[in-house]
Every structure is written in structure tokens, then in C-alpha cells.
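Me: Got a minute to walk through this model with me? I'd like to start with what the words mean and then get to the residues.

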Amino acid sequence: MERLKLADPRRPLPLLSSSRRTGYATTPGGLPTSSLGCGCNSASFNRRKNSKLRKRLFLQTENSASVEPVVTQEIEKPSSNENPVSGESIRSRFLNFFASRGHKILPSSSLVPDDPTVFLTIAGMLQFKPIFLGKEPRSVPCATTSQKCMRTNDIENVGRTARHHTFFEMLGNFSFGDYFKKEAISWAWDLTTKEFGLPPERLWISVFQDDDEAFSIWHDEVGVPKERIKRMGEEDNFWSSGPTGPCGPCSEIYYDFAPERGTSNADLGDDSRFIEFYNLVFMQYNKKDDGSLEPLKQKNIDTGMGLERMAQILQNVPNNYETDLIFPIIERAADMAMIKYSETDESTKTNLKVIGDHMRAVVYLISDGVMPSNIGRGYVVRRLLRRVVRTGRLIGIKGDGKGNPNGAFSPILAETVINLSSQIDPDVQLRKNTIIEELKREELRFVQTLERGEKLLSQFLEEALQTGEDDDDKSHSISGKNAFLLYDTYGFPIEITSEIANEKGVGVDMKGFEIEMENQRKMSQNAHNVIKLSVGNETEVLEGIQDTEFLGYDSLSTRATVKGILVNGNPVINVSPGTEVEILLDRTPFYAESGGQVGDNGILCFLEGGDAKVRTVVEIKDVQKSFGNIFMHKGVVKEGNLEIGAEINASVDANLRKRAKAHHTATHLLQSALKSTIGEETSQAGSLVTFDRLRFDFNFHRPLTEAEVAVVEALVNRWIGDGTDLETSVMALDEAKRAGAIAMFGEKYSSEVRVVSVPGVSMELCGGTHVRNTSEIRGFMIISEQGVASGIRRIEAVAGEAFVEYVLARDRFMRRLCGFFKVKAEDVNCRVESIAEELRAARNEVAALKSRVAVLRAGSVADRAVIVGPSNVRVVVENMEDTDPDALRSAAEHLTQSLQDPVAIILGSIPSQDKVSLVASFSPGVVKMGLQAGKFIGNIAKLCGGGGGGKPNFAQAGGRNPDKLSDALARAKSELVEGLSEK
């Protein structure tokens, strides 16, 4: 391959596209003098505001090795179609740089973390958290990744600054007790100055104020002048995971956009001059409860380089959005709105940036199985997509942007995102159809919501104007709470609400809005953006204990040695009867919960003495994995005493294991049947395999029809009847994926995996237990199919012994029904329908009779009408005792029709012990006088602890306090008489 020689990295760097990179002043180094925004992707934006979090989340990078600054370098020339500073090139060069220095390139983990303490994957180190904690053994000494990350705590800043994002990529290199500061620092310098060719004189370094070692390496070995190395305090340059746990000093690399300003009084927090793009965390201490620091036995390196930031620097553009990682999406959106990015105003540019950022986020979240909904992660997708749709309409995108006014435009933008995804996450391409269809459904659904939001805004405007008139206050305004409701639920940017309100002469309570925003921001930050690490008792207990040898695929009992005993998480030497314990064995036949399958139950027996009598029995009710592959057997000591070192017999409950095996294999068959019936694009979104049933969640946008459920059941039962032998093998992960094996949702896999196959039907990566032949499952039946979230369906089913029990129980129930109705089984349905119809007819007859009685009672009430005011309005206010709401309505309608207009009727009743019913009926003449039945009866109902409303001429209400009905009717009569006296 041809080699390209870079003679002087201080020369101007190549531009991504000269056609749209005009109007920016550049320094002698060829880079823009303006640096918009904050210090680092997302959290490190306001470095002073949240620097600890920033360092942890955004600058997770790794290290390289070379200490001499160089001016020339030879690198392989990229192919003619590849920009040497493209985002893809930066990513691959970073990974290959560290791969050549012994790092294993590992794939990005899902945006849905395997860590229950974290909402979304917010940092490159997250997938390695168990290794850093010592809970899992390292599989490689050092690794490098390009990690998909997602932050949601500062959504409102997206597009307004140069570097704020929801979705971003974090390049990182990690050492698990392998190398430390010297290599990390020298490699970081080598990467930035040699591989990427950044001018050394433009780079500044920050170190922790007490980290003399790092300062010395940067100055004495790398050669950075002292005046460009800043010592900073704990707030900025000391990372810790929390009050206790792993921690250590940080060192950061900054790029200087304005070196001509010199070194005197330079402030690295000046975002107009500096950008922090690389952070090195030296994880070397453990912080104890008393705040003291003790050295970690294994010192680790955790680094991060924001890909978008490095692309901004190397591509010589004013912000991250105009790099080739995001700008193609922006250009596509601008084309659909029939505008040009370079010619539009700053407000429209901001809106285009929002679209570009949010489209990346929703595509990758949906690809990772997060569907739009009103809860949890699904709400993030829904909220971001709604901002895209609202913003797209704002800039002029109509319909699908291609001439169909009723179409959706987000799927078209998603195609651009998907085309850019191949080097980030190849699975996005495979899930294209699911992503496109989900976006289309959600956007079209939201358009209706948006229209409702516009109506709600009109209502708020009317209320604001009316409130101002009532209070003799000309400063009408929409409350901050209502403005936030429009923003958060209906996707209205606050600027749009303000603009529309101003046109009507109405203000917006911006202070109240900011309070609501701040409350949400705090909740988001507290809930979603902290990675908790701690080193506790279990780490000490398990120190030196080897992984548990699992024998359960081939045996249900074995001899084993007790290696550890825990009570309430604390180590003990022995235990007595009645104690709840966690027992560690050197080997076990017990399956530990994973892959959706619950842990085995069984017995641990300790035999002692020449008679080999059972002296100790521990009943095991659950088995969990901890700290990698160590099995924790949880149970209760039933008799005897147990000590560490004891030799025991471990026996699994064979019947329960048999039931779990049938359900687990049936789950694999169910997934294949669903793909065959409703489409290959459907995928697993979760599963649970228990002893009495299975549960399977999958991505699909609608309920299954009865016919589809029947087809799925028939397919699974056919495969069961085929009596096919299962095949299991262990192979490399890449080999298994190439063979077509399906991965379980949310599972993490090592480099070697177990593949379970039903030849011709199913092939999945799975460590669970399975039947040897499908005929052992005996039968399969779906007992429910329902939605659990937007785009997520759930099937519950039974198989094996549970299937037989379920069918027999239904048969016994059917026999009882047949005996009760005295019909055959096939006639039960018709008999039940006939009885139901008779019951409906009887209820209707009773309701009609009650209405007649109420009307007759109303006839006597009419004689007690009071004539009020010069218009001779007839007013009737009466307590109708126990009349039900429907009959009360009939009585009010009858009175209104029988009495001469104008007439006002208020009736109340107590249909049950704790319920009040009220009705108001005003004739047209009364309505013309300005009285409205809905508003009137709603206020009266409040006196009874309730509420209600309706139309101006007729309304119903209710309450929960019958004791107040008399007072409420008295108030109604008084207000009617007073209000009509002068009408």
C-alpha cells in the first residue's frame, strides 16, 4: 500500500468540505479560533459545574507508548474513497493504534446496560465495571473499544452548544492491572501527536494537584513544557465512583484554538479557547468509609476520547454537528425542508442540529430493543422523537418530505443514520425494517398528539386571557407548569409557546417553567447518570476462591467441598439449624440463574461418621452467579451444623430441573415459530424460564390474531412431535454468529460460547439447560398474549409437566361447567352466551323500570317548582333519594321537556352507601341568560367531595360524601335563585 508522508503536522489540516466551511477565522495552525460550547461530550460540558462526573463519563480513553514528540511520520495512505480525517478513519485508527500495542478490540456494548444501577450506557468503562471491581476475572489484560453512549440530562442544550449530544461515541483504552501511568500517558501523547498529527505546541495538560508522578511523566519523559501543564484540584482532576470504592487522579489533554494568546493566566475552563478531548483516569486507590485511601491491589487505567470532538478538531469545523458523523443527517433534513444549512439563520441551524442528534439517538435505542413508551427508557425514545417531529414541522418539513402530506419523515432520516452505522454497530442494518416501521408508527401517532397539544395551547391562552380579565390584570400569562406540560408531553419548544402566546398578548411564566425544568433535570441526573462502584465484604470473602466448576449439564448430583459460607453477606466459619445462608462450593450440579432461566432447587447433605448417616441438611432454594462465575447457593440449614471445608453431597431436584429444561427448549421453539409466523424481523426483548411456566417478550407492533396464536402453537407442537435430538457445541463467538446463531436479549458473551441447536428449526447462543430430544417436552400451550409496552408483546405459555397439569385443570373445570349447565362440553359456549344475553335483557328491563319510576316521581316534583325573576324561570331542586344515575338523567330530561321554557333543573340522589349522583338540566332560555349546566353542577359537586361537568344545557356529576348532599342542593337552589332573580 502506498505510504503518505506528513511533513509537518502544524500545517493546516484538510477540510471536510470546502463548500460549506467558509466564514470561520483560523489560527496559524489552520484550525478555527472559535470554540463553541463546553469541555467534553455531554457531561463535561460545564466542566466546573460537574467536573467529576464529566471526567468519569466522557473522557474514558486509553494509552499508547512513545515519549518523543515528532514532527514527521509515515502512515498508511487511506484508500482513495476515504477521507483521512473522517469519523470512520478516526475510529479505526484509534482502535488499531491500541491493538498494535497489545489491546484486544472489543465490540461496543448495548445502550441498555447489564447494570441495574444505570439507566442507559453513559460511559465506555461501564461494560468493564465488574472487572474493575474484581467481581469478574479479566478475559484480556487490556482492551480498546468504541462505545455507544447515551446521555439525557441536558437535552435542552442539544444544538445550542458546539458539543452537547444525547448520543455519542466514546473511544477508550483500558488496562486491567496490566500497564499504568507511564504507558497510558506516553501512548496518549503518541496517539494525538503522531497518529493524528496534532501540533504539540497546541496541547495542554491538566493533572491532579498532588500527582507528582503524572506531572513528571508529562514534563520529563514526554517533554511538555511546565507552563502548559496545569495542576488542578480534586473537584476537577480526581475521579471517584462515590463516597467509597475505587478512585484515583485524572489527567486530561486539551486542544488550544488560540495559542497566540500565550500561556500567562491561561484558563483551561475557557471554552472559547480550549476543548478537552482526552481523559486518563488512574484508578489506583480504594476510598474507605472513613475517607482514607488505600492502594488498590490491581491498578487500572480507564480512558475516554470523544470521537465527535476529535472529528471536530481534525476536520476543522466549528462544532461537532458539522462533522461527517452527523452532518449528512442535517443535510438530509434541510433538503426535506427545502432549505440550505449554510444560508439559513442560527435558529434554524439549531433546529437542524437537534434533528441530527436526536435521530442518531432514537435509531440506536430502537436497534437495541428500546421501543417508544411512556415509562423508563421507552419514554426517552418517545420524547426525543417527538422533539424531532415538532422541530421538523417547525423548519418546514411537510408530511414525509417527499410529497405525501400524511406521511412520516423520520423513517427517511433514519435511513441516513442507518447508512452511517456500519462501523459503529453492524446490527443496526439488520434491524432496519423494525426501526423504520416503529418510527413511522410513532411519528404518525404523535402527529395526532401534536394536534391535541395545539388545542391545549389554545385552551391555555383562553384561560390566561379570561383570568386576566377576572383579576383586572392586564398581564395575562400561561403558567410555568402548563408551559412545561406542553414542552414535555406534547413536544412544544418553550420558544414556540412564547411566540404564539406573544401574538395573542399573553406572556409565559418563564421562572415557573425553569423551576419545572430544573426539577426534571435533577431527577434525571440523580437517577441516570452515575455509575456506582464499591468494594465491599463480598470482595474480601471471595478473594482467592476459584470459579465454580459446573457439572449440571451431565449430572444432577456430585461430591463437593464447602469453600465459603455467608450470612447476611458476611463471612462465617460455621452455621446452625434455621440459618439462611449462601454457600460457595468448588463444584456443583446446580444451575445458577442466567439467560432468563431460574436457578435450581435441591439439597446439600453432609455425611459424617462410619455409619455415613446424614448429619447436616441444607435446603437450596436459589442459585445466583456472583463475581464472574462463582455460584452462590442460597438456602436454609434444616438440621445439623455446617463448616467451611466440609465434604458434602450436592443434589438437584430432578423434577424441577426437568420442568425448567422443557420450558427453556420450548422458548427456543417459540421464538422460531414467531419468526416463521409474523416475520423474521421480530426479536426477543426478554424472557423468563421457571418451573411452572415460560414468559417470552418480543418486538411487535400489534396483538397477535387468534389465527396467528394457533399457528404458533401448532408449529411448536409439530416440532415437539418430530422428536428431534438437540445438538450443543462450544465455538468462537464470531463463528457462532456467522453460522446464524441468535443471541439472547441482554446477555453478555465471552469469546467462546455454547450453541444449542434444534436442527432445521433453531440455533441460539445459550448456556441454559435443555431436553435431549424435543419429544421430552410432551406438549405446548399459550395461555396469554398481551402488550407490556409500546411495541413489546408478551407470551406466557406452559410446556412439559406444567402443560399436562394445565390441560388437566382446564378439563376438570370444564367437567364442572358441563355438570352445572347439564350440557356437553361443545355446547358450554353457546349456553354461556345465552345466559349472558338473558342477563343483559333483564338488566335493561330493570333500568327501564327504574327510569319510569323516576319519571313518575319527577311528576310530583314538578308541582314544587319555584318561579324566579322577571323571566319567570321555573327552578326545581330536589333530592331523588336512591335513584341511580341513568334514571336520574331520565327524570331531569322529562322535567325539562314537560315544564315550559325557561326552566332550570337540579336533581341529586344517593344510589349507594358512599356515592352521590347529581344532574343539571337547563333549557335554551336559561342558557341564553348566561348560565351553563356543566360549570354550575361541577362547583356544586365539590361540596360532596366530587366533581363533574358537561355541556351548557346538560351535565352530570358525582361525589363521595352523601352526608353533604342536602347542603349541596340547598346551595344549588340559593345560587340559582340569586343568579336568575334579575334575568
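Reply: Sure, starting with burial: buried means under 20% relative accessible area, exposed over 50%, and partly exposed in between (1.4 Å probe, protein chains only). This is a predicted model, where local features need pLDDT of at least 70, side-chain atom pairs count only at pLDDT 80 or more, and totals for chains, interfaces and linings use all residues. Residues are numbered from 1 along each chain as its sequence is written, and side-chain values use heavy atoms, with hydrogens and water left out.

Me: OK, is Thr-774 buried or exposed?
Reply: Thr-774 is buried, as its relative accessible area is 0%. You'll find Thr-774 in the loop between β29 (762-765) and β30 (780-789); helices (H or I, at least four residues) and strands (E, at least two) are DSSP runs, numbered from the N terminus.

Me: What is Thr-774 in contact with, leaving aside neighbours within four places in sequence?
Reply: Trp-719, Ile-720, Asp-722, Gly-723, Thr-724, Leu-726 and Val-758 are in contact with Thr-774. Contact means heavy atoms within 4.5 Å.

Me: And β29, which sheet is that strand in?
Reply: An open sheet of three strands, in the order β27-β28-β29, with antiparallel pairing. Two strands pair if DSSP finds at least two bridges between them. β27 (727-732) and β29 are at the edges with a single partner strand each, so each has one side without a neighbour in the sheet. On average, neighbouring strands there are turned by 25° against each other, direction ignored.

Me: Does anything pack on it? I mean, which helix?
Reply: Helix α18 (residues 654-678) packs on the sheet and touches β28 and β29, with its direction at about 120° to that of β29. For those angles, axes are lines fitted to C-alpha atoms, for helices over the stretch in contact, and angles run from 0 to 180 degrees between N-to-C directions.

Me: How many bridges join β27 to β28?
Reply: Six, with β28 covering residues 752-758. In one of these pairs, Ser-729 has Val-755 in β28 as its bridge partner.

Me: Switching topic: what about the largest nonpolar core?
Reply: That core has 97 residues, and Trp-218, Phe-277, Tyr-278 and Met-359 touch the most other members. Helix α9 (residues 346-367) gives the most to it, with 10 residues. Another core of 28 residues lies apart from that one, including Trp-719 and Ile-720. By definition, a nonpolar core is a set of buried Ala, Val, Leu, Ile, Met, Phe, Trp, Tyr and Cys residues joined through side-chain atoms within 4.5 Å.

Me: Now β18: why call that strand largely enclosed?
Reply: Because five of the six residues of β18 (residues 580-585) are buried. β18 pairs antiparallel with β15 (residues 557-567) over four bridges, and four bridges also join β18 to β22 (residues 630-639), again antiparallel. Leu-566 has Glu-582 in β18 as its bridge partner, while Glu-580 stands opposite Val-636 in β22.

Me: And where is Thr-616?
Reply: In strand β21 (residues 613-626). Thr-616 counts as buried, at 1% relative accessibility. Thr-616 and Glu-639 are 23 residues apart in sequence, yet 5.3 Å apart in space, C-alpha to C-alpha.

Me: Last one: how much of the chain counts as buried?
Reply: 53% of the 983 residues. The chain has 26 helices and 37 strands in its secondary structure.
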